[in-house]
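I want to look up how the parts of this protein meet. Here are my notes, in the order I made them.

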Amino acid sequence: MLKIVVTGAAGRMGRNIINVIRETAETELAGAVERSGHPDIGKDIGEVSGSGKIDIKLTDNFEKVIKKADCVIDFTLPEATMHHLEIALKSKMAMIIGTTGFSHQQRERLKEAGKEMRIVAAPNMSVGVNLLLKVVSDMAKVLGKDYDVEIIEAHHRLKKDAPSGTAMRFAEVLAHSLNRDLDKTAVYERHGIIGERKPEEIGIQTIRAGDIVGDHTIIFGGLGERLEVTHRAHSRDTFARGAVKAALWVVKQPKGLYDMQDVLGLK
Ligand code: NAD
C-alpha cells in the first residue's frame with residue numbers, strides 16, 4: 001500500500017486528490033497539509049474534502065507527517081512547492097508536483113533535486129493533454145513554417161498564473177518541433193497597430209472566466225485551411241487521477257526528474 005501525503009490538501013486539486021487516494025485500492029492517505037493559518041487546520045480532512053470522516057486532521061506540520069509516508073503529492077504555489085521539495089529531499093521522499101508558474105531558477109532547482117530523489121513534475125496530469133502534446137509536435141513537424149501557430153487557453157477566474165503551465169508546455173513543444181527559440185518568438189498579447197504577424201510567431205492567448213476547469217486549443221493556420229485541436233477538462237478528476245497514477249509509477253523508478261509523458265509511456 002502506497003502511503004501518500006497531500007500538500008495544499010484543502011485546495012481545489014488537493015480535495016480531489018484526497019478523494020482519488022481514498023478510492024484507489026493501492027493507495028492510502030498518510031497526511032494532509034495546508035499553509036499555517038488556513039481556517040480548516042485541525043479539521044478532519046475527509047470532511048473537508050467531502051469524502052466522509054477519515055480520522056486524519058489537516059495540519060501545517062509537513063515535516064512531521066512525511067515521516068509516515070512514501071510519497072508527497074503537491075499542488076500548491078511555486079514558493080510552497082520549493083519549500084516542500086527541500087524537506088522531501090532530505091528524506092529522499094518521492095514527490096509528484098502539479099504546481100504551475102515556476103520561475104526559470106525554480107525549474108533549475110527541480111532538475112538538480114531530480115539527481116537525488118524521484119520527482120514527477122508536469123503542468124498537466126491528464127492523459128488527453130499529454131497525448132495531445134505528442135500529436136501537436138508531429139503536426140508542427142509536418143505543417144512547418146507555412147502554418148501560423150496560435151495557442152489559446154481558458155481557465156476559471158481564480159487561477160493565479162498566466163498563461164497556464166499547460167499552454168507554456170504546448171508552446172515549448174511546438175517551438176522545439178519548429179526549431180524556434182520560444183523566448184524570441186512567443187507573443188503573449190496583441191493590441192493596437194501592431195503590424196503584420198511575423199511567420200515565426202507562436203501566439204499564446206489567455207482567457208479567464210467563471211469556473212472553466214481548463215481548455216487548450218492549438219491552431220495551425222494556413223492559406224485556404226486551418227487545423228484546430230482542442231482539449232477540454234470537464235472536471236479536476238482527470239488531473240487528480242493522473243497525479244495518483246504518477247505516484248504509483250514513480251516509486252518503482254530510479255532517481256530522476258520525470259514528467260507525465262514518462263509516466264504514460266508516450267516518449
Ligand atoms: P487552490 O488555490 O485551490 O489550492 C492551492 C492550495 O495550496 C490552497 O488551499 C493553499 O492554501 C495551499 N497552500 C498554499 N501555500 C501552502 C503551503 N505553504 N503549504 C501547504 N499548502 C499551501 O489551487 P488549485 O486550483 O488546487 O491549483 C493548485 C496548483 O496546481 C496551481 O499551480 C495550478 O495551476 C496547478 N494545477 C495543476 C494541474 C496539473 O494537472 N498539473 C491541474 C490543475 C491545477
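**Where the domains meet**

I started with the area buried between domain 1 and domain 2, which comes to about 950 Å². Carbon and sulfur atoms give 47% of that area. I should keep in mind that this is a predicted model.

Which three residues supply the biggest share on the domain 1 side? I found R12, R236 and Q261: together they supply 43% of the area that domain 1 buries against domain 2, more than any other three residues.

Next I checked where the domains run. The domain assignment gives domain 1 as 2–121 + 236–263, so to speak in two pieces, and domain 2 as 127–233. Their centres, taken over C-alpha atoms, are 29 Å apart. I then looked at who takes part in the contact: 11 residues come from domain 1 and 13 residues from domain 2.

**Charges and polar pairs**

How many salt bridges cross the interface of domain 1 and domain 2? The rule finds 1. I looked up R107 and E172 as well, and their side chains meet in a salt bridge, at 2.9 Å from N to O. For polar contacts, I got 3 residue pairs between the two domains, with both residues at pLDDT 80 or more.

**The domain 1 side**

I asked which elements give two or more residues to the side of domain 1 that touches domain 2. They are α9 (237–250) and α10 (260–263). Sorting that side of domain 1 by class, I noted 3 nonpolar, 4 polar and 4 charged residues.

How values were computed: Residues numbered from 1 in each chain as written. Predicted model: local features only at pLDDT ≥ 70, side-chain atom pairs only at ≥ 80, totals over all residues. Heavy atoms only, no water. Domains from an automatic or database assignment. Contact = heavy atoms within 4.5 Å. Buried area = accessible area lost by both parts, 1.4 Å probe. Salt bridge = Lys/Arg side-chain N within 4 Å of Asp/Glu carboxyl O. Polar contact = N/O pair within 3.5 Å; in protein donor to acceptor, adjacent residues only side chain to side chain. Helix = DSSP H or I, 4+ residues; strand = E, 2+ residues; numbered from the N terminus. Nonpolar A, V, L, I, M, F, W, Y, C, P; charged D, E, K, R; others polar.
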